[in-house]
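The following exercises concern the structure displayed below. Each task is followed by a solution in steps.

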Amino acid sequence: MPKARKKKVPITSDGRDIASPASSNPHTTRTVIRRFHVLLKRQGQLENNPATTSNAAELKKINEEIAIMGGLAAYQRMSSVGQGTDRGGGSERVLINWLVNMGFSTRDNMSKLGLLEVGALKPDNYASCSSWIDATPIDLRSRHPAIREQDFLLMEVNENRGKWDILSLSLVINFVPEPRDRGRMLCLAHTFLRESGLLFLVLPLPCVENSRYLTFEHLSSLMTTIGFCEVEKKWKQGGKMAYWLYRKVERDTCSDFSPFRKRSACRQGSSRNNFVILLQDL
Ligand SMILES: C[S@@+](CC[C@H](N)C(=O)[O-])C[C@H]1O[C@@H](n2cnc3c(N)ncnc32)[C@H](O)[C@@H]1O
């Protein structure tokens, strides 16, 4: 007897429903997210390369695979599953904890802290702190009416210069395929923060622990060059995430971006990844 055929589920659906993350085990989630990163990176490279026939063909194949996987919608769904199960909750908990310890939640007669949350999968990550944090969540693709659909890299510079008390880039830099755009994000964050404003940065630990081009020390000097001073850092051996809190300081007038304009190997070995952040002159 022929086998009954499984009913096909449309995997390219654009469900903006944040309440129903795909059921998935952590291993599947990580595998899919990793594949997305590989595809997005290659997509970015091909889009910036000369338009040859073979590049166009490869780009078409990559775009098809991304679409078959469900596009950004599926990536966001997987990330929100990862946010819940894999990491014991969202990274905002780490930031909130640090801010509470710094006394921000108990300041009298102070206006609320204006927080720009870039790459927000949920609209209410900071709801528990609404008495002292005024959060503005944005994302390339909004999953909820309260999340503004906005590319951070295209935000109006003059409108946002010095506007924000806190800016969150949690698992966003590693999503950006082009290393110079990653650097531009960090520079824009510096511009958008008010004097002494705070930047919350989260990266998957392997981006700094096992990259050929980025170590903790290299990241630290890159951030100093941009004009950030480290306030807090949290990661553990064998963990998945690394968290930092930086304070904006005035950028040195003779800040030299040249050591960060090109890749230079910090570590050797074939098992390394190639994650890198590059800076361009301002
Ligand atoms: C891995 S999710 C991270 C979500 C969440 N912040 C967290 O920590 O789990 C990355 C999100 O960043 C968003 N993103 C990437 N580049 C962006 C940009 N230039 N502007 C706004 N959002 C961006 C993506 O659309 C995606 O939803």
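**Exercise 1. Classify C207 by its solvent accessibility and describe its surroundings.**

Solution. The model is a predicted one.

Step 1. C207 has a relative accessible area of 9%. Buried means under 20%, so C207 counts as buried.

Step 2. The residue belongs to helix 7, which covers residues 206-209.

Step 3. Leaving aside neighbours within four places in sequence, the contacts of C207 are N174, L214, N273 and F275.

Step 4. A pair distant in sequence can be added: C207 and N274 are 67 residues apart in the chain, while their C-alpha atoms are 8.2 Å apart.

**Exercise 2. Summarise the protein by its secondary structure, its buried fraction and its contacts.**

Solution.

Step 1. The secondary structure comes to 8 helices and 7 strands.

Step 2. The protein has 282 residues, of which 44% count as buried.

Step 3. Among contacts with a separation of 6 or more, 71% are between residues 24 or more positions apart.

**Exercise 3. Which residues does UniProt list for "binding site", and how is each placed in the model?**

Solution.

Step 1. The unreviewed UniProt entry lists G119 and D139 under this feature. They are spread over 21 residues of sequence, yet they cluster in space, with a largest C-alpha distance of 4.5 Å.

Step 2. G119 lies in the loop between strand 1 (113-118) and strand 2 (133-139), whereas D139 is found in strand 2.

Step 3. With 27% relative accessibility, G119 is partly exposed. D139, at 9%, is buried.

Step 4. Residues up to four places away in sequence are not counted in what follows. G119 is in contact with I138, D139 and V172. D139 touches Q76, G119, A120, I147, R148, E149 and Q150.

Step 5. One of these contacts of D139 is also polar: its side chain pairs with the side chain of Q76 at 3.0 Å.

**Exercise 4. At what angle do helix 6 and helix 8 pack, and which residues meet?**

Solution.

Step 1. Two packed helices are described by the angle between their axes and the distance between the axes.

Step 2. For helix 6 (residues 179-192) and helix 8 (residues 216-226), the angle is about 40° and the axes are 10 Å apart. Helix 6 is therefore oblique to helix 8.

Step 3. The crossing of helix 6 past helix 8 is right-handed.

Step 4. On the side of helix 6, the residues involved are L186, C187 and H190; they meet L222, M223 and I226 of helix 8.

**Exercise 5. Are D165 and N160 buried or exposed, and which backbone atom lies by a polar atom of each side chain?**

Solution.

Step 1. D165 is found in strand 4 (residues 164-170), and N160 in helix 5 (residues 157-160).

Step 2. D165 has a relative accessible area of 16% and is buried. N160, with 4%, is buried.

Step 3. For D165, a polar atom of the side chain lies 2.6 Å from the backbone nitrogen of G114. For N160, a polar atom of the side chain lies 2.8 Å from the backbone oxygen of E156.

Step 4. Without neighbours within four places in sequence, the contacts of D165 are K112, L113, G114, L193, R194, G197 and L198. By the same count, N160 is in contact with M155, T191 and F192.

**Exercise 6. Describe the surroundings of K233, then list the buried residues of helix 4.**

Solution.

Step 1. K233 is found in strand 6 (residues 228-234). Its relative accessible area is 39%, so it is partly exposed.

Step 2. Not counting residues up to four places away in sequence, K233 touches W98, F216, Y243 and W244.

Step 3. K233 and L201 are 32 residues apart in sequence, and their C-alpha atoms are 9.5 Å apart in space.

Step 4. W98, a contact of K233, is one of the buried residues of helix 4 (residues 92-101), together with E92, V94, L95, I96 and L99.

Step 5. An α-helix has 3.6 residues a turn, so residues three or four places apart point the same way.

Step 6. Just after helix 4, G103 takes a positive phi of about 90°.

Definitions and conventions
Residues are numbered from 1 along each chain as its sequence is written. This is a predicted model: local features need pLDDT of at least 70, side-chain atom pairs count only at pLDDT 80 or more; totals for chains, interfaces and linings use all residues. Side-chain values use heavy atoms; hydrogens and water are left out. UniProt positions are given in the numbering used here, feature names are shortened, and annotations may be inferred rather than shown by experiment. Helices (H or I, at least four residues) and strands (E, at least two) are DSSP runs, numbered from the N terminus. Buried means under 20% relative accessible area, exposed over 50%, partly exposed in between (1.4 Å probe, protein chains only). Contact means heavy atoms within 4.5 Å. A polar contact is a pair of N or O atoms within 3.5 Å; within protein, one must be able to donate a hydrogen and the other to accept it, and residues adjacent in sequence count only if both atoms are side-chain atoms. Axes are lines fitted to C-alpha atoms, for helices over the stretch in contact, and angles run from 0 to 180 degrees between N-to-C directions. Angles under 35 degrees count as roughly parallel, over 145 as roughly antiparallel, 65 to 115 as roughly perpendicular and the rest as oblique. A crossing is left-handed if the near helix is turned anticlockwise from the far one by less than a right angle, and right-handed if clockwise.
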